[in-house]
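Here are my comments on the model you sent, set out as numbered points. Please read them with the coordinates open.

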Amino acid sequence: MAGTMTIKLVFSGGLELLFGNERNQSVLIPSFVPSDNSTHSSPSSSSSTSSSYNNTPSTGETKAADLEYLIYHLRDHLLKERSELFMENGTIRPGILVLINNTDWELEGEGSYQLRNNDEIVFISTLHGG
């Protein structure tokens with residue numbers, strides 16, 4: 001299964017509300033992704049669980065799948081509403097803790113962390129208010 005990998009996701013602190021009210025999810029993503037983080041999938045895929053990928057990016061340049069790509073993938077395929085509450089300036093919005101296999105993402109290289117099959121990525125919102 002060198003072409004794809006499974007990533008386990010956990011959303012909490014209210015973020016699960018933005019992702020269909022599902023706290024625990026998993027996604028299947030390609031091992032190599034477009035360098036520009038485009039998350040194109042087949043036009044017929046309307047379901048967030050669809051894993052139909054065209055692995056030929058328009059630029060032809062690829063990179064190993066990293067957390068930065070996963071963030072764009074989540075925004076484009078799983079996020080149900082209000083992307084501004086999840087992403088800001090091309091990365092995770094301040095106030096959201098990100099854990100990679102129970103380790104703070106800052107210790108793992110943040111967005112440049114190269115994903116591995118069965119990694120668990122946890123997103124915890126610390127922002128509350130009205």
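1. Is Glu-84 buried, partly exposed or exposed? With a relative accessible area of 40%, Glu-84 is partly exposed, because the class covers values between the 20% limit for buried and the 50% limit for exposed. Please bear in mind throughout that this is a predicted model.

2. The partner of Glu-84 deserves a look as well, since the side chains of Glu-84 and Arg-82 meet in a salt bridge, at 3.2 Å from N to O. Arg-82 likewise counts as partly exposed, at 45% relative accessibility. Elsewhere, salt bridges that share partners join Lys-63, Asp-66 and Glu-68 into one network.

3. The structure holds 4 salt bridges, and one of them links Arg-75 with Asp-76, the closest N and O atoms being 2.8 Å apart. Arg-75 is partly exposed, with a relative accessible area of 31%, and Asp-76 is partly exposed too, at 39%.

4. Asp-66 merits a careful inspection, placed as it is in the loop between strand 4 (62–64) and helix 1 (67–78). Its relative accessibility is 8%, so Asp-66 counts as buried, and Lys-63 is buried as well. These two residues form a salt bridge in which the closest N and O atoms are 3.1 Å apart, and their side chains are also joined by a polar contact of 3.1 Å.

5. The surroundings of Asp-66 include further partners: a polar atom of its side chain lies 2.9 Å from the backbone nitrogen of Tyr-69. Leaving aside residues up to four places away in sequence, Asp-66 touches Asn-37 together with Gly-111, Ser-112, Tyr-113, Gln-114 and Leu-115.

6. Turning to the sheet, 5 strands form an open arrangement in the order 2-1-9-7-8, with mixed pairing. Strand 2 (24–30) and strand 8 (103–104) are the edge strands, each pairing on one side only. Helix 1 packs on this sheet, where it touches strand 1, strand 2, strand 7 and strand 9, and its direction makes about 115° with that of strand 2.

7. The mixed character can be followed at strand 9 (residues 120–125), which pairs with strand 1 (residues 4–12) in the parallel sense over 5 bridges, whereas strand 7 (residues 96–100) and strand 9 pair in the antiparallel sense, over 5 bridges. For checking the register, Phe-11 stands opposite Phe-123 in strand 9, while the bridge partner of Ile-96 is Ser-125 and that of Leu-97 is Ile-124.

Key. Residues numbered from 1 in each chain as written. Predicted model: local features only at pLDDT ≥ 70, side-chain atom pairs only at ≥ 80, totals over all residues. Heavy atoms only, no water. Pairing = 2+ DSSP bridges. Helix = DSSP H or I, 4+ residues; strand = E, 2+ residues; numbered from the N terminus. Buried < 20%, exposed > 50% of the residue type's maximum accessible area, 1.4 Å probe, protein only. Polar contact = N/O pair within 3.5 Å; in protein donor to acceptor, adjacent residues only side chain to side chain. Contact = heavy atoms within 4.5 Å. Axes fitted to C-alpha atoms, helices over the stretch in contact; angles between N-to-C directions.
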